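Here are some exercises to work through with the structure open beside you. Try each task on your own before you read the solution.

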Amino acid sequence: MSQKFRLIKSGYIDREKKISFKFNGKKYFGFKGDTLASALLANGVHLVGRSFKYHRPRGFLGSNVEEPNALVQLYNGAKTEPNAVATTIELVEGLVAKSQNCFPSVSFDFGAINNFLSKFFPAGFYYKTFMWPKSFWHKIYEPVIRKAAGLGVAPLKPDPDRYEHKFEYCDILIVGSGPSGLASALSAAKNGAKVILAEDKPRFGGSLLTDEVTIGNKKGKDWADEKITQLKLMPNVIVKNRSQVFGYYDHNMMVMFERTRDHIENPSQFTPRQRLWYIRAKEVIISTGSIERPLVFGNNDRPGIMLASAAKEYMKVYGVIVGKKPIIFTNNDSGYDTAIEFKKNGIDPLILDVRSNSESSVAKEAKNLKINIKFSYGVVNALGYKKVNSAVIGKLNKEKSGYDNLENISCDCICVSGNWTPTVHLSSQSGNKLKFDDEINAFVPNQSRQNESTIGSARGLFTLKETLEEGFTKGYDLSKKITGKDLKTPTPTSNERIYEQHDKFWCMPLPKKKNYKRCVDFQNDVYVSDIELAVSEGFRSIEHVKRYTTLGMATDQGRTSNLNGLQLVSNIEKKIIPEVGHTTFRPPYTPVTIGTIVGREVGKHYRPTRKSPMHSWHTRNNAVFVDAGLWLRPRYYKQNKETLLEAAKREATNVRNNIGICDVTSLGKIDIKGPDSAEFLNRVYTNSWMKLPVGKARYGVMLREDGVVFDDGTTTRISENHYHMTTTTAQAVNVLSHLEYYLQVVWTELNVNVLSTTEQWAGVALAGPNSRNLLSKLFPETDVSNESLPFMGFKQADFFGVPARIFRISFSGELAYEINVESGYGVFMWEKIMEIGQEMNIEPYGTEALSTLRIEMGHVAGSEIDGRVIASDLSLEGMLSKKKDFIGKRSLNRTAFLNPEREKIVGVVPLDKKTMIPEGSHLVMDENADLPNPKLGHISASCWSVEYNNPFSLAILKDGNKKIGVKLYALSPLKNKSIPVEIVSSHYVDPKGKRVRS
Amino acid sequence: MQKYSIFSLIKNAFTNHQNWDVAWRDPEPKKEYDAIIIGGGGHGLATAYYLAKEHKITNIAILEKGWIGGGNVGRNTTILRSNYMWDANGLFYEHGMKLWENLSQELNYNVMYSPRGIINLAHSDAQLNAYARRGNSMRLNGIDALMLGRNELKKMIPFADFSETARFPIFGALMQPRGGTARHDAVAWGYARQADSMGVDIIQHCEVIGFDIQDGKIKGVQTSRGNIKTKKVGLCVAGSTSLLAEKLNMKLPIEAHVLQACVSEPLKPFLDHVVTFGAGHFYCSQSDKGEMVMGGDLDGYNSYAQRGNLPTLQHVLSEGVAMFPNLSRLKILRTWGGIMDMSMDGSPVIDKSHIEGLYLNFGWCYGGFKATPVSGWTFAYTIAQDRPHKLNEKFKLNRFNTGHLIDEKGVGTKTWIG
Amino acid sequence: MLEIKCPYCGKRSQNEFSYGGDASVKRPELGKEISDKDWDDFVYLRKNLRGKHSELWHHVAGCRQWFKVLRSTATHEIFKTTKVNE
């Protein structure tokens, strides 16, 4: 029974290329050029899914992105794709699809019991129940509802595919390649504009693929093919199919996704699955066409009931007939096209037209073809559970409020046509406030807010003649504005069927004593009764109706239901539609794959990784790295099986006893030049900078204007008007912006320039009692004695032929130096130091040992400077100059900042001298106090003091100065720890700072 | 008022649901009220409800420019939590959690409070320590919190990136088990229905265009539907606060910013918690409908447009895929933007103003939804008693003069930094 | 994505820039007497208006210059960009 609904000929499919695929475990055949939907319909398969709430059997309503029902799960495993729209999936060999939201199968689904109980589940029922007993919602009701909801199944493995991004600029982006889009592309391109023409579907031409029209002396499709070929050959034109512009963002930034892989049978390994295009267009032409609306009647959601335009497309594009006994149910002339197409293919349709008559050319054509037409008739109810098999039809009374007679006739499909809704999504997204067009009973664009023009049926223009004229004119006008050229392309003549006005009647009344379900939103199971209920309960704003009933909130975003819902509300409320208003159109037009939006920023490429020039050496020497912002820094150099703590102790001990070397490249470095540099530093730092001599460094603290500590570091005067500033790794970027802001915006009178040199210098710290000894060997020509290079001294020197900078500064609290050379010599420097330092027992140390050293010295770092403390909290009040003003000074006299009992940095030692205090513990008086237990402070940093061989922590403690010697508890309820501690000075080791000056 | 229950649902089913009452009336504004709440969002509706219920002030109008629940209460990511470090925030939101726990029963409206647990992933020891500081503070304040290790997380969210190729590996997490979600629209509607039943007039499509102030006292408001007299006005307009403050010649310590959120298509349940990514600002949960509800960073510039731009979303979703690599194949269904009233220290203001009878409630940043009950509860107290409750006494406006700031993040006044 | 015309480099996409807030906020002169209230207003209060907003942007991934942008906070339309001193 292969493809018994396939016509012998017609369609644009490739009948030479037969394709096999699987649906719900069964093997079928289709042709290249089919969609999954057209191939299934060719095989007579209509039942594809179940509705969201009531699990009602569903078939295909549409033939494109408007499809609300036919969502399927593609493939298995990591490549599975949930909620794929069968009408948009191109058939490829080996495609595997199955129905969603049904168990055990789409044909027999337990969930369908909901349909029989649907009486109890009207719109919003869940707000009114499941409240008792209290704990049951989360434990019982919610899990059941969650399991019943959802559609497809998410993959649980990482996505194996790749996605790419592309950036383009053009004069005119044209969205949609129907007649108006093609016309505007042609005339704009010929007039010299750089044009991008984007078509969502695989085939170009839009309505020209299915309409019986001629342009010039060609059939519509042939004209479209010819023009696309022409456009593709033009160097100023990009033509893209399978490319949907889904978002209209600010300043004419258009975003498009291009499907590049899934339709290819044997794609190469590196073919991206999709490509995201960011297109900045000077002008945007929206020629996105329109979508047919369904008519609403009893059980209008049964499989076999579809849009008349879809049925026509299946015949004309795919050579598939959707039924052999069709009813065409319409309120306008375009439904007749479908009837005529059936008739031409040897099938006798029945037309039910709610209008009393039509004298249009297309109606006459149908009459001449002897098609049976019943005017003032409509479908009242459809029968057949899994596929429509008959219909109750009725002759409408004069008021169309009921029926003169009802009869039952058999059929195998019902094609509905409720007139056309312009696709205004992009226009609306651009900021264009839509207006209601009474004639077509739909919203159309109004005043453009950006450089946007909506043309053709997307703005309610439905004749080919007008559409072509508008397209050619618009393309010419816009291109002339941009290129200044004046080459006008004449509009070709065209021929088409003439349609008459439609009847606004669209919702069939219920016969007496019948309570048929009349579906408005197919996927979300929103029926006429739901909307009536919402309005009667006072949910009168269209947004309330939408949210209460979930109308238009399904994956099809109400493309076929929003306007019908609106009409219904306006009928009930006896308001005109524009008063009811419409809900907001937001990107994306159709659901967009997250991977496409993300692009290549995945895995290790999620964010850049910054490495020091010596990174390779660290790797070779068993460094274990730690993320410090974007930087990777050696945390410790692992020896044998030692733990982090053991390694940190070993490395820190070696610094205290011998000498260590640490990579400090990641510290922010800023070059400051200009005659006003000293004055500038004097303003941005809290301490005084006017008298710093050349060749000297100074420690400085910066505040934010709100008085909170921003950053700290040392700055060195290299020469008269040249300074070298260092910042913390974390704030390097922010400090530079901060300095630039004050120089460029606030103090423009200062003649100073700043430049980041973080990546220009490789930096190492040499720390430990042997460091001067080593330094003298590294720089034999330079006097590095305590007299010549004292604490906070600076020298430029020659490092084996490489220019180097030596700073005598210390974070570890030991006698220490930092050496900078140009980045490219980093490894050379490091290896030379290791080689020469070997005899002095030099060992590299990582950030963990560095932390240990600074903590026991009471030096503050990021865990203390957390953006919430002021200088005095860190015992840095001595750094605040009383003689001059500086950034943030004026904030320091606030009541809270002057409180004598404010926090202060202190040291903390466990009474047992053994238990490490977890960082993030809080200090309290009483470990057993009732909650909330008043917190006096928190542990900001902990280490194992290598100097005293016991744990030591820093804490920020309320009234800390007065608490030295006091015994408190460090509590970490998370770790179930309560540690009795004693408060000591934060300067645990060498409080006088003798070593750094030794 | 009709009581909602399984029984009323069944009963009404047999009359084809023709006999349900309106959830709230649609009254014309009266000439005078005892109190007026400006803003029919979650906070405004809750404030009116608690004024009526707790303080027996029922002659109240809520004035809403558009439709109720149309602001941030209808466009948030539905997360509830009280996982704050500072006491002022922690104790305030914890009181809120207690209100959430009984809200469905109290309102006779199922707000679907779902304590599914909120997990904050940490990606370094330093971050774990910062979370420990917060979690320990929570525990000492009587708020539930626990630390999770990698192995526990692997069981709870096995699809998260625990691989070698993760740019920022997962080290552990802080979890508040009672944190979770609620159905946002239901919160607005539930409060509206109960407030209405106690006599509160909910007046939609009524814009406040001016204030009547004499001798430093509020006398009434001017609206698009006429002047209304009152002695007490509560301002609950979140993102529009500065616009109304301008009519009062006040400048406030807030900026309006856009925050985007998005949902995926509905999927069968696989994520049972709310999870936040620590190496970025991404957060994610799965709604009862099956949609992944996701959000992250501000767009980063002042804006009253309820629309954002794609690069921010790209940035946020890249964080999502870094956390859950399987999200990559899912599809974004809807994106939208809300206006955040970003305060200069990241915490709200619930306070009296210098005008007698005018009360302020603003500065919710991106955390206003979870605060809905407790904000309404404390604001109602402040309005009724003309003084703040102990729970909101730290949320004073003058803290920006005294320096008693409540800065959870430590980024200062750069409100656009998320 | 906004398109911002850097007065030094020309039109660039927003992702090259970072935001700097309300440009009408003027930092009080250093060392000059100022009342507590005026100082606090400078640090914390913002016009936060809906409509034409003068604001600072920083071309961080370009020339690293700060400049002023006049932009609608209601529609995001940019009316003009100028150097800081213009």
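Asp959(A) is found in the loop between strand S49 (950-958) and strand S50 (967-972) of chain A, in what is a predicted model.

**Exercise 1. An aspartate with an unusual backbone angle**

Task: find the phi angle of Asp959(A), then decide whether Asp959(A) is buried or exposed.

Solution. Start with the backbone: phi of Asp959(A) is positive, about 55°, although the residue is not a glycine. That deserves a second look, because most residues other than glycine have a negative phi. Next comes the surface. The relative accessibility of Asp959(A) is 15%, and the cut-off for buried is under 20%. Asp959(A) therefore counts as buried.

**Exercise 2. The same check in chain B**

Task: work out where Thr78(B) sits along the chain, and what its phi is.

Solution. Thr78(B) lies in the loop between strand S2 (60-63) and strand S3 (79-80) of chain B. Its phi is near 65°, a positive value in a residue other than glycine. With a relative accessible area of 13%, Thr78(B) is buried.

**Exercise 3. Two cis peptide bonds**

Task: locate the cis bond that leads into Pro104(A) and the one that leads into Pro588(A), and place each proline in its loop.

Solution. Take Pro104(A) to begin with. The bond from Phe103(A) to Pro104(A) has omega near 0°, so it is cis. Pro104(A) belongs to the loop between strand S7 (95-99) and helix H2 (113-116) of chain A. Now turn to Pro588(A): a cis bond, with omega about 0°, joins Pro587(A) to Pro588(A). Here the loop runs between helix H15 (577-580) and strand S32 (592-593) of chain A. As background, most peptide bonds are trans.

**Exercise 4. The surroundings of an aspartate**

Task: which residues are in contact with Asp200(A), leaving aside its neighbours within four places in sequence?

Solution. Place the residue: Asp200(A) is in the loop between strand S9 (195-198) and strand S10 (214-215) of chain A. Asp200(A) has a relative accessible area of 18% and is buried. Then list its contacts beyond those neighbours: Val65(A), Arg242(A), Ser243(A), Gln244(A) and Arg259(A). Finally, look at the side chains, where Asp200(A) makes a polar contact with Gln244(A) at 3.2 Å.

**Exercise 5. The build of chain B**

Task: describe the fold of chain B by its helices and strands, then ask how compact the chain is.

Solution. Count the elements: chain B has eleven helices and 19 strands. Its radius of gyration is 22 Å, close to the 22 Å that the globule rule gives for 418 residues, so chain B is as compact as a globular protein of that length. Along the principal axes, its C-alpha atoms fill a box of roughly 70 × 65 × 40 Å. Burial comes next: 70% of the 418 residues count as buried. To finish, take the contacts between residues at least 6 apart in sequence; 75% of these join residues at least 24 apart.

**Exercise 6. Where chain B meets chain A**

Task: how much area do chain B and chain A bury between them, and how many salt bridges link them?

Solution. The contact draws 121 residues from chain B and 117 residues from chain A. Together the two chains bury about 10100 Å², 55% of it on carbon and sulfur atoms. On the side of chain B, Leu140(B), Arg167(B) and Arg329(B) lose the most area, together 10% of what that side buries. The salt-bridge count is 14, and Lys935(A) with Asp87(B) forms a salt bridge at 2.6 Å, N to O. There are also 80 residue pairs in polar contact, both at pLDDT 80 or more. Helix H5 (residues 125-140) of chain B gives the largest share of its side, ten residues. By class, that side has 54 nonpolar, 40 polar and 27 charged residues.

**Exercise 7. Where chain A meets chain C**

Task: what area do chain A and chain C bury between them, and which helix gives the largest share of the chain A side?

Solution. The contact involves 27 residues from chain A and 26 residues from chain C. The buried area is about 2300 Å², with 50% of it on carbon and sulfur atoms. In chain A, the most area is lost by His251(A), Gln744(A) and Arg890(A), together 27% of what that side buries. Five salt bridges cross the interface; in one of them, Arg894(A) pairs with Asp40(C), the closest N and O atoms being 2.8 Å apart. The largest share of the chain A side, eight residues, comes from H20(A).

How values were computed: Residues are numbered from 1 along each chain as its sequence is written. Chains are lettered from A and ligands numbered from 1 in the order in which they are written. Side-chain values use heavy atoms; hydrogens and water are left out. Contact means heavy atoms within 4.5 Å. Buried area is the accessible area (1.4 Å probe) that two parts lose on being put together, summed over both. A salt bridge is a side-chain nitrogen of Lys or Arg within 4 Å of a carboxyl oxygen of Asp or Glu. Helices (H or I, at least four residues) and strands (E, at least two) are DSSP runs, numbered from the N terminus. Buried means under 20% relative accessible area, exposed over 50%, partly exposed in between (1.4 Å probe, protein chains only). A polar contact is a pair of N or O atoms within 3.5 Å; within protein, one must be able to donate a hydrogen and the other to accept it, and residues adjacent in sequence count only if both atoms are side-chain atoms. The radius of gyration is taken over C-alpha atoms; the globule rule is 2.2 Å times the number of residues to the power 0.38. Ala, Val, Leu, Ile, Met, Phe, Trp, Tyr, Cys and Pro count as nonpolar, Asp, Glu, Lys and Arg as charged, and the others, Gly among them, as polar.
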